[in-house]
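Ready for a short tour? Keep your viewer open and your selection tool handy, and we will go stop by stop.

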Amino acid sequence: MNKTILLEKRPIGKPQLSDFKFVSNEVESINTGEILLKTTYVSVDPYLRGRMSDAKSYVPSFELHKPITSGIVAEVIDSKNNAFKKGDFVSGMLAWKEFQKSTGEGLLKVDASKAPLSTYLGVLGMTGLTAYLGLTEIGKPKKGETIVVSGAAGAVGSVVGQIAKLIGCKVIGIAGTDEKVNMLKSSLGFDKAINYNTTKNMAAAIKEAAPNGVDIYFDNVGGPISDAVLFNINQFARIIICGAISVYNSTELPKSVSVQPFLVKNSALMQGFIVSNYAEKFPEAIKQLSHWLAEGKLTYTETIVEGFDTIPEAFLNLFEGKNSGKMLVKI
């Protein structure tokens, strides 16, 4: 039998386990031109919360009573497609199913001998691409500049900080526990790190960590933390809006400072993006990330939970900050 996870209800506020439903069906047989896949790793990501609502966004909403999809690494266990053979591993946007068939369209072969399979959903996948392209295309970092990264212990933020260090920036990370703060400084090479949960005045703490001001802000969280950074930006600062996890589950309009005065008086740039904006640059980005990884200049952190049944809980744990680096489920 084949388990599948459906979106049963659209969440109101923070998602609950009751918003998901498990169903079981027989494993489908494949036809000519198709492959049968066995899920190996499932990526759970904050942006999936947006797809669970029916609000207009840059990607279509998930349909009720239909399987949820996300980044997945899977093994080809049967093939009637000449482009794939049994034993191949692929990555792509696939359904939350233990087994599924595919034509192979949109799937990328990945090589477990060159890097661990999990990295193709993380540092060598959309996570790494988001970090690299958001930072380099919008942030345009230069040696000696100061960058602040919120959600710095998360999947994207942890990679952003490392890339900025490789370029020669001073890197300040913001995270939610002392353990994460210590990891940023000891394992990932951040110059400074701030625990927002134990800091009473974030604007003052950022000023202390960045006495010469902030040239680049890579924003993964939004909310009051991002407001505090605005009080410290330099002239011609670049503010990269990657995510806003602090407000994803809000049922009311968030209250925030007006950004316009900060942008005007500092001639600063604030730009949101999605990684597919830079799809033509994916090959060169993956090449650079792979090079740094092979040289040992880029490391990665993962939080891996095991078992297909744990996927919804792993997703919910993102909003509790229970992950360090990429959150994955190993099947």
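Start by selecting residues 223-230, which make up helix α6. In this predicted model, helix α6 lies across five strands, namely β8 (146-150), β9, β11, β12 and β13. Compare the direction of the helix with that of β11: the angle is about 170°.

Now bring up the strands themselves. Which order do the six strands of the open sheet follow? Reading across, you will pass β10, β9, β8, β11, β12 and β13, with parallel pairing. At the edges sit β10 (192-195) and β13 (269-272), and each of these pairs on one side only. Rotate the view to see the twist, which averages 15° from one strand to the next.

Zoom in on residues 214-219 and 233-241, that is, β11 and β12. These two strands run parallel and are joined by five bridges. Pick D219 here, and you will find I241 of β12 standing opposite.

Next, select residues 178-186 for helix α4. Helix α4 lies across β9 (170-175) and β10, and its angle to β10 is about 170°.

Time for some rings. How many aromatic pairs does a search of the whole structure find? There are eight. Show F20 and F315 as sticks to see an edge-to-face pair, with 6.3 Å from centre to centre and 80° between the planes. Because F20 belongs to strand β2 (residues 20-25) and F315 to helix α9 (residues 311-317), the pair ties together parts that are 295 residues apart in sequence. Are these two rings' residues buried or exposed? F20 is buried, at a relative accessible area of 7%, and F315 is buried too, at 0%. Add W96 and F319 to your selection: together with F20 and F315, they form one aromatic cluster.

For a contact of another kind, go to F84 and K109. The charged end of K109 sits over the ring of F84, 5.4 Å from the ring's centre.

Our last stop is S91, in strand β5 (residues 89-95). S91 is buried, with a relative accessible area of 9%. What surrounds S91, leaving aside its neighbours within four places in sequence? Select I72 and V73, then G106, L107, L108 and V110: S91 is in contact with each of these.

Key: Residues numbered from 1 in each chain as written. Predicted model: local features only at pLDDT ≥ 70, side-chain atom pairs only at ≥ 80, totals over all residues. Heavy atoms only, no water. Pairing = 2+ DSSP bridges. Helix = DSSP H or I, 4+ residues; strand = E, 2+ residues; numbered from the N terminus. Axes fitted to C-alpha atoms, helices over the stretch in contact; angles between N-to-C directions. Contact = heavy atoms within 4.5 Å. Phe/Tyr/Trp six-rings, centres within 6.5 Å; stacked < 30°, edge-to-face > 60°. Buried < 20%, exposed > 50% of the residue type's maximum accessible area, 1.4 Å probe, protein only. Lys NZ or Arg CZ within 6 Å of the ring centre and 35° of its normal.
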